[in-house]
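Let's take a walk through a protein chain, one feature at a time. Keep the 3D view open and turn it as you read.

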Amino acid sequence: MNTRLARSAATAATAALAFTTLSACQDGGDSTPTANGKVSIAGVEITREQALHDMLPEKIREAGKVRVATDVPYPPFEMFVKEGESRLTGLDHDLGQALGGKLGVTFAFTPQKFDGIVPAIQAGKFDVAMSAITDNKERQQVVDFVDYSQSGSGILVADGNPDKITDLAGLCGRKVAVQAATNQLKLLKTRQADCSAAGKGRIDIQTFPKDSDAQLALRSGKVAAQVLTKPAAGWVAKTADSGKAFDLVEDPKAPGGYNASPNGIAVSKQLPELTEAIQKALQSLIDDGTVAKIYTKYGVASIAVKEATRNAAVD
């Protein structure tokens, strides 16, 4: 499931929710250097590892920063702290600051339209991109990836999960909301034969022009569940009505979501030392629990990877 290629009106809808709830969940100051030069992320103080810093390309060490392209907004990966302001937050931004803390440099984020990100890296305008980019073989021809999450489709239900839905099979015979013309709609359609074979009845698929419309139907009890990208579902469950409106269904058989694909940090092929340094820094952050705390902060702990892989596309 290609997280970024699947975005459409859902982005705007979820972004609108993020703007209304962000102030209650983020303080915007959780990813800034402390007085002693250390970086504090999600309650964790991160210090530079000299061996990792020494792995960086000379020009990165001299500049003291990694130039990062990102497409904003795309909750919960990238958001503005406050609508109308330029200060950034989000899972990718926090993870970038944590990586910078480990490497002893600043990860300097600059907004860039999504379809221009990879060309900008090729042109040397940026060193890396962190923007929920799906690692696929086509993109691997021009950039390298350090993979940090798995993103697929998730199931959103009303608070308390009144219908006790635990997986896709639990949607059989029920009314389910989904945004039109998305991979999630395709996923539901492919499940119909399985529902019929199990004698549970077909899914009554209810399509909506926007994710926000689907969530209104779920709020009012007109549908039993909504299917959307799992990161978006996790964020909505965490933030809507301070977490009291919806729940995210966690299927242990699909921790990253259904039909999950890896998201990767895209790195210029001209900077192989940077790719290696980021991979090792990410693994260090996974091992010490920082990554888990960052993902938990944004309601999507289950999409985190346990190993920092490189170019692990599944297509």
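Start with glutamate 45, which is partly exposed, with a relative accessible area of 46%. Keep in mind that this is a predicted model. Glutamate 45 has a partner: lysine 38 forms a salt bridge with it, and the closest N and O atoms are 3.5 Å apart. Lysine 38 counts as partly exposed too, at 28% relative accessibility.

**More salt bridges**

How many salt bridges does the structure hold? There are 12. Here are three of them.

| Lys partner | Acidic partner | N to O distance |
|---|---|---|
| Lysine 38 | Glutamate 45 | 3.5 Å |
| Lysine 102 | Aspartate 288 | 3.5 Å |
| Lysine 269 | Aspartate 144 | 2.8 Å |

Take the bridge between lysine 102 and aspartate 288. It links distant parts of the chain: lysine 102 sits in helix α4 (residues 91-103), while aspartate 288 is in the loop between α11 (272-287) and α12 (290-297), 186 residues apart. Is lysine 102 buried or exposed? It counts as buried, because its relative accessibility is 9% and the cut-off for buried is under 20%. Aspartate 288, at 43%, counts as partly exposed.

Now find lysine 269 and aspartate 144, whose closest N and O atoms are 2.8 Å apart. This pair also links distant parts of the chain, with lysine 269 in the loop between β13 (258-268) and α11, and aspartate 144 in strand β8, 125 residues away. Lysine 269 is partly exposed at 35% relative accessible area, whereas aspartate 144 counts as buried at 14%. Some bridges share partners, and in that way Glu49, Lys102 and Asp288 are joined into one network.

**Zooming out**

What is the whole chain built from? It has 12 helices and 14 strands. Of its 315 residues, 55% count as buried. Look at contacts with a separation of 6 or more in the chain: 76% of them come from residues 24 or more positions apart. On the outside, the chain exposes about 13,100 Å², and carbon and sulfur atoms supply 49% of that.

**Going inside**

The largest nonpolar core has 48 residues, and the members that touch the most others are Leu99, Leu103, Phe107, Ile265, Ile278 and Leu282. Which element gives the most to this core? That's α11, with 7 residues. Pick phenylalanine 107 and look around: leaving aside neighbours within four places in sequence, its contacts include Val66, Val68, Leu99, Met130 and Ile278. There's also a second, separate core of 19 residues, and among its members are Ile155, Cys172, Cys195 and Tyr258.

Two of those names, cysteine 172 and cysteine 195, are joined by a disulfide, with 2.0 Å from S to S. A disulfide is a covalent bond between the sulfur atoms of two cysteines. A search of the whole structure finds 1 disulfide. It ties together distant parts of the chain: cysteine 172 is in the loop between β8 (143-158) and β9 (175-179), and cysteine 195 is in helix α8 (residues 192-197), 23 residues apart. The link between cysteine 172 and cysteine 195 is left-handed, with -75° about the S-S bond. Cysteine 172 counts as buried at 12% relative accessibility, and cysteine 195 is buried at 1%.

**A helix with a buried side**

In helix α9 (residues 211-219), the buried residues are Asp211, Ala214, Gln215, Ala217 and Leu218. Why do they lie on the same side of α9? Because they cover an arc of only 155° around the axis. Just after α9, glycine 221 takes a positive phi of about 85°.

**Odd spots in the backbone**

Most residues other than glycine have a negative phi, and most peptide bonds are trans. Aspartate 241 has a positive phi near 50° without being a glycine, and serine 242 has one of about 55°. Aspartate 241 lies in the loop between α10 (230-239) and β12 (246-249), and that loop between α10 and β12 holds serine 242 as well. Aspartate 241 is partly exposed at 44%, while serine 242 counts as exposed at 60%.

Finally, look for cis peptide bonds. One runs from valine 72 to proline 73, with omega near 0°, and another joins proline 75 and proline 76, where omega is about 0°. Proline 73 lies in the loop between β3 (65-70) and β4 (79-80), and proline 76 is in the loop between β3 and β4 too.

Notes. Residues numbered from 1 in each chain as written. Predicted model: local features only at pLDDT ≥ 70, side-chain atom pairs only at ≥ 80, totals over all residues. Heavy atoms only, no water. Disulfide = S-S within 2.5 Å. Helix = DSSP H or I, 4+ residues; strand = E, 2+ residues; numbered from the N terminus. Buried < 20%, exposed > 50% of the residue type's maximum accessible area, 1.4 Å probe, protein only. Contact = heavy atoms within 4.5 Å. Areas by Shrake-Rupley, 256 points an atom, 1.4 Å probe, with all protein chains shown as cover. Arc of directions from axis to C-beta. Salt bridge = Lys/Arg side-chain N within 4 Å of Asp/Glu carboxyl O. Core = buried A, V, L, I, M, F, W, Y, C linked by side-chain atoms within 4.5 Å.
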